[in-house]
Amino acid sequence: MTTTGVRHVSLRSGVYADSVRLMQVSRDVGARDGVTAVLVAMATPLNLELAAGMGLAPDGGASPDQLLVAVAAADDGALAGAVAAVDAALAARERATGPAQTVPLRTVGAGLDALDGDGPALAVISVPGPYAVAEATDAIAAGASVLVFSDGVPVEHEVALKRAAHDAGVLVMGPDCGTAIVSGLALGFANVVRRGPVGIVAASGTGAQQVSCLLDAAGVGVSHLIGVGGRDLSEAVGGLATLDALVLLDADPATERVLLVSKPPAPSVAARVAEAAGRLSVPVRSAALSPDSPDLTAAVEALLADLGVAVPEWPSRGATRPAARGAVLKGLYAGGTLADEAMLLAAPRLGDIRSNTPLRPELHLGTDLSAPGHLVVDLGDDALTVGRPHPMIDPTLRLEALTRIATSGEPAVLLLDVVLGHGADPDPAATLVPAIEAAGLPAVVALVGTEADPQGWSRQADALAAAGAAVHASNARATRHALDLLGAAR
Amino acid sequence: MTLLDSPPAVVAAGVDVFSAALRAQGADVHDVDWRPPPSADPADLAALALDRRRAAANRTAVERVMAAGSHLVDVRPARDVLGLPDRTLLHAGPPIGWADASGPLRGALVGACLFEGWASTAEEAERLLASGGVALDPCHHHSAVGPMAGVTSPSMWLWCLQDPVGGGRAHCNLNEGLGKVLRMGAFGEEVLDRLRWMRDVLGPVLQAAVRSMPEPLDVRAVLAQMLQMGDEGHNRNRAGSLMTLRELSPAVVAVDAPSSDVAAVLRFIGGNEHFFLNLGMPTAKLAMDAVGHVPGSTMVTVMSRNGTEFGIRTAGTGDRWFTGPANTPVGLYLGDFGPDDANPDIGDSAIMETYGVGGFCMAAAPAIVRFVGGSVPDALATTERMYQLTLAENPAMQVPVLGFRGAPTGIDVLAVARTGWLPQINTGMAGRVAGTGQVGAGLVQPPRECFDAALAALAREARAAA
């Protein structure tokens with residue numbers, strides 16, 4: 001064995017330490033330079049046998065209540081150092097308590113377990129789409145509602161989650177509509193609007209933002225805004241969350257009117273929802289976009305009439321340059337519903353409009369998002385946001401498209417939306433203003449937001465107007481303004 | 001209370017810009033430190049998350065674990081109680097043959113052949129084993145568990161425990177003590193002498209004592225008390241062993257046997273601080289066996305190792321094993337043994353963690369965490385992490401320092417996949433070379449592979465049931 005140098009073997013009485021602690025001392029001292037073997041252990045028969053095996057047996061008898069300190073080292077200096085280290089280690093006191101280690105919460109289930117309040121709980125989930133379902137399932141199982149912000153959630157997951165939520169008496173909001181305002185708390189992309197009597201159920205994020213901001217501009221507040229997800233009124237999902245949200249709002253004492261906002265719904269689902277709405281005690285007005293429905297601004301105006309509130313002059317700023325002869329419409333939208341609305345309003349006057357989310361399939365754009373003639377692009381479409389932030393946060397995609405249009409030489413009128421509020425770009429005008437100035441084209445902006453938003457509607461509007469854009473709080477007004485420019489240029 | 005009654009408390013997982021916005025509005029926001037699961041297929045996670053059977057199945061599994069009790073009802077030779085035929089040896093972990101057996105398992109198998117008289121030398125025993133002349137089968141296939149190598153031969157005496165609720169039975173051999181012992185792979189003459197004494201004296205005395213007790217020993221109650229006294233029931237069994245000695249002593253001294261034998265029995269029990277482990281393990285086994293096959297449940301019912309592979313079973317997949325290569329424990333070594341001397345993880349004793357004690361109750365026995373240079377806060381953090389891997393808290397197994405919170409119980413394969421964390425196991429370390437015996441003790445985790453395989457199988461069943 002390893003005992004060619006010098007040795008120290010002693011037995012100490014009246015000293016006891018836990019075997020784990022002693023093994024630790026042995027290991028630490030054994031790691032010192034010049035130390036060849038260490039055994040610090042209570043002198044049990046087993047440990048004496050181990051010591052003997054190491055050539056470090058004590059002379060004479062030992063009893064299990066004695067502490068055996070046995071060290072072998074290369075020379076006297078190393079030996080003395082090692083024995084001193086044993087003494088120091090035995091004398092050292094472990095700190096009784098350390099700072100409590102925080103164990104991270106890895107799942108929504110663990111997060112909900114850690115809540116101690118007795119109020120309603122809500123999970124906001126923005127993990128990658130394929131993983132969202134497990135997190136959302138945790139919430140439903142714990143009796144919490146869910147806002148699924150994630151992109152790329154398979155529709156069968158959405159259906160399964162919404163069925164489970166219905167059975168559990170909770171609500172699944174989203175996916176593909178990251179907007180909600182619950183009891184004044186803005187979740188995901190949402191604006192700072194005043195509280196009031198109108199409940200909004202929205203299968204459209206930016207559509208919900210448009211109507212809530214227009215209501216705010218008219219002095220009318222929102223009780224709750226429930227974003228049910230862009231696919232909720234599709235055939236596949238069948239309005240599962242819309243139906244539950246209507247029932248919730250009907251039972252809510254703060255809600256006196258309900259406005260239902262959506263892109264064009266599946267007809268059978270629209271009928272089912274209309275029938276369910278008819279059974280409620282709270283009046284429900286629909287703002288579902290379609291070729292033969294009023295635009296969102298008109299729907300808000302009708303609701304104001306229901307409430308006996310005068311329709312205000314919708315806020316606007318600035319004036320843009322006249323369009324060149326033969327100019328075409330180039331719409332670049334971050335909000336899918338706002339893009340739809342623009343196309344629905346423009347198509348009767350302009351004819352075919354190419355788009356990545358076109359009104360008719362044959363008008364579908366290629367992947368480069370450019371084509372001559374009238375064009376409206378939804379930059380927030382799922383296919384474009386895979387692996388990158390939403391264009392309401394990241395302007396890159398829009399700035400690239402803008403430059404392409406400006407350098408093509410095709411005479412055009414630009415139609416853009418800028419959506420303010422929580423979660424959105426903190427200063428969208430900062431990047432858009434130089435781009436509009438550089439493009440040198442007439443630009444009309446639908447600026448969706450409120451004065452109370454972190455970005456401030458007027459601050460952003462003034463900056464955009466100073467760059468030569470015409471700015472409208474209403475997307476319908478902005479679209480008509482752009483159409484007027486095109487008409488005047490004919 | 002519906003969502004719209006008052007501003008909700010929010011738990012946020014994912015992009016932090018949204019929780020920042022909520023916080024700016026003065027909301028009560030709790031961030032989840034979500035990470036992409038390291039290896040599981042997201043489609044499998046989704047299939048399990050959406051399995052409509054899962055919640056009820058896991059509830060059933062948990063109820064069965066909690067309900068199971070454990071009474072010590074008898075002590076009998078394996079030959080009689082398990083119907084173990086001659087030339088059959090049980091071992092720890094998932095199924096394995098001699099060719100793949102590690103050093104300590106081989107050493108224990110050789111020792112058992114010598115002990116049974118099937119061979120007269122180690123070489124002869126090895127030839128017998130290599131030729132397939134002895135049938136090998138996992139303890140877990142016979143309502144039994146064995147620590148470390150877990151080798152159980154027909155002449156060895158077993159603790160017989162019964163679940164007074166469901167009537168299940170579980171068995172475990174008698175603990176030999178520390179150092180050079182069969183379960184650590186040692187098979188020298190002193191090992192065989194001790195086994196003979198255990199067969200000829202200890203077993204019969206314990207049988208007579210246990211059979212004479214007016215009430216069966218409630219082993220689950222002893223385990224619960226240990227947690228209050230600084231043991232975690234796997235690597236520390238001091239309090240449990242002493243309580244067992246206290247409970248058995250009156251009956252042992254009343255056995256009609258020479259007083260020298262009675263004294264030897266009491267001295268043996270009193271000198272072996274792991275004596276209780278072999279009662280704790282079948283107690284955990286009873287509870288996990290009570291779960292049985294529960295289609296749709298993602299609960300782990302067995303974790304076990306044979307020194308080569310780590311294997312698990314789940315309630316949803318019944319008796320199937322899912323295996324991966326066993327890791328080598330990290331810890332402290334006896335004498336001048338070091339990391340090179342340690343064998344990969346071995347033993348059925350991870351049934352303690354499967355039941356929710358051992359490494360899962362690290363907070364109850366902070367001394368254990370020092371095996372890897374940790375501190376008391378580390379011990380607390382380990383148990384806190386295990387709560388996120390498990391389906392329930394066992395009110396019968398309380399952790400005083402956590403405000404008497406119940407032990408984290410019922411490992412959830414889905415939670416293991418989602419958190420990226422693995423179960424924490426406290427364990428002994430056997431020498432890599434057959435015949436060495438114990439070289440240390442420490443901490444180990446299962447290989448992720450066996451949980452991935454179980455998850456994939458559970459997901460397949462979930463899809464088939466949808």
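The exercises below, each with a worked solution, concern a predicted model of chains A and B.

**Exercise 1. The contact between the chains**

Determine how many residues each chain gives to the contact, how much area is buried there, and which residues of chain A lose the most area to chain B.

Solution. Begin with the residues in contact, which number 72 in chain A and 64 in chain B. Next take the area, since the size of an interface is often expressed as the accessible area that is lost when the parts come together. The two chains bury about 6000 Å² between them, and 65% of this lies on carbon and sulfur atoms. On the side of chain A, the residues that lose the most area to chain B are Arg106(A), Pro120(A) and Tyr131(A), which together account for 14% of what that side buries.

**Exercise 2. Polar and charged links across the contact**

Work out how many salt bridges and how many residue pairs in polar contact join chain A to chain B, and then describe the side of chain A that touches chain B.

Solution. Between chain A and chain B there are three salt bridges, one of which joins the side chains of Asp138(A) and Arg418(B) with an N to O distance of 2.7 Å. The residue pairs in polar contact between the two chains, counted where both residues have pLDDT 80 or more, come to 17. Helix H5 of chain A, residues 129-141, supplies seven residues, the largest share of the side of chain A that touches chain B. By residue class, that side of chain A is made up of 43 nonpolar, 17 polar and twelve charged residues.

**Exercise 3. Strands that pair between the chains**

Identify which strand of chain B pairs with strand E4 of chain A, and in which sense.

Solution. Strand E4 of chain A (residues 121-125) pairs with strand E1 of chain B (residues 9-13), and the pairing is in the parallel sense over five bridges. To place a residue in this pairing, take Ile125(A), whose bridge partner in E1(B) is Ala13(B).

**Exercise 4. Salt bridges within a chain**

Compare the settings of two salt bridges, Glu158(A) with Lys162(A) and Arg463(B) with Asp44(B).

Solution. In both cases the side chains meet at 2.8 Å, N to O, for Glu158(A) with Lys162(A) and for Arg463(B) with Asp44(B). Turning to position in the chain, Glu158(A) and Lys162(A) both belong to helix H6 of chain A (residues 155-168), where they are four residues apart, about one turn of the helix. Arg463(B), in helix H15 of chain B, and Asp44(B), in helix H2 of chain B, are 419 residues apart, and their pair links distant parts of the chain. As for accessibility, Glu158(A) and Lys162(A) are both buried, while Arg463(B) is partly exposed at 39% relative accessible area and Asp44(B) is buried at 11%. Finally, salt bridges with shared partners join Glu158(A), Lys162(A), Arg231(A) and Asp232(A) into one network.

**Exercise 5. Backbone features in loops**

Decide whether Ser183(A) is buried or partly exposed, do likewise for Arg87(B), and locate the cis peptide bond that leads to Pro175(A).

Solution. Ser183(A), which is not a glycine, has a positive phi of about 50° and lies in the loop between E7 and strand E8 (185-188) of chain A. Its relative accessibility is 8%, so Ser183(A) counts as buried. Arg87(B), also not a glycine, has a positive phi of about 60° and lies in the loop between helix H4 (78-81) and strand E4 (88-91) of chain B. Its relative accessible area is 34%, so Arg87(B) is partly exposed. The cis peptide bond runs from Gly174(A) to Pro175(A), with omega near -5°, and Pro175(A) is placed in the loop between strand E6 (172-173) and strand E7 (179-182) of chain A.

Notes: Residues are numbered from 1 along each chain as its sequence is written. Chains are lettered from A and ligands numbered from 1 in the order in which they are written. This is a predicted model: local features need pLDDT of at least 70, side-chain atom pairs count only at pLDDT 80 or more; totals for chains, interfaces and linings use all residues. Side-chain values use heavy atoms; hydrogens and water are left out. Contact means heavy atoms within 4.5 Å. Buried area is the accessible area (1.4 Å probe) that two parts lose on being put together, summed over both. A salt bridge is a side-chain nitrogen of Lys or Arg within 4 Å of a carboxyl oxygen of Asp or Glu. A polar contact is a pair of N or O atoms within 3.5 Å; within protein, one must be able to donate a hydrogen and the other to accept it, and residues adjacent in sequence count only if both atoms are side-chain atoms. Helices (H or I, at least four residues) and strands (E, at least two) are DSSP runs, numbered from the N terminus. Ala, Val, Leu, Ile, Met, Phe, Trp, Tyr, Cys and Pro count as nonpolar, Asp, Glu, Lys and Arg as charged, and the others, Gly among them, as polar. Two strands pair if DSSP finds at least two bridges between them. Buried means under 20% relative accessible area, exposed over 50%, partly exposed in between (1.4 Å probe, protein chains only).
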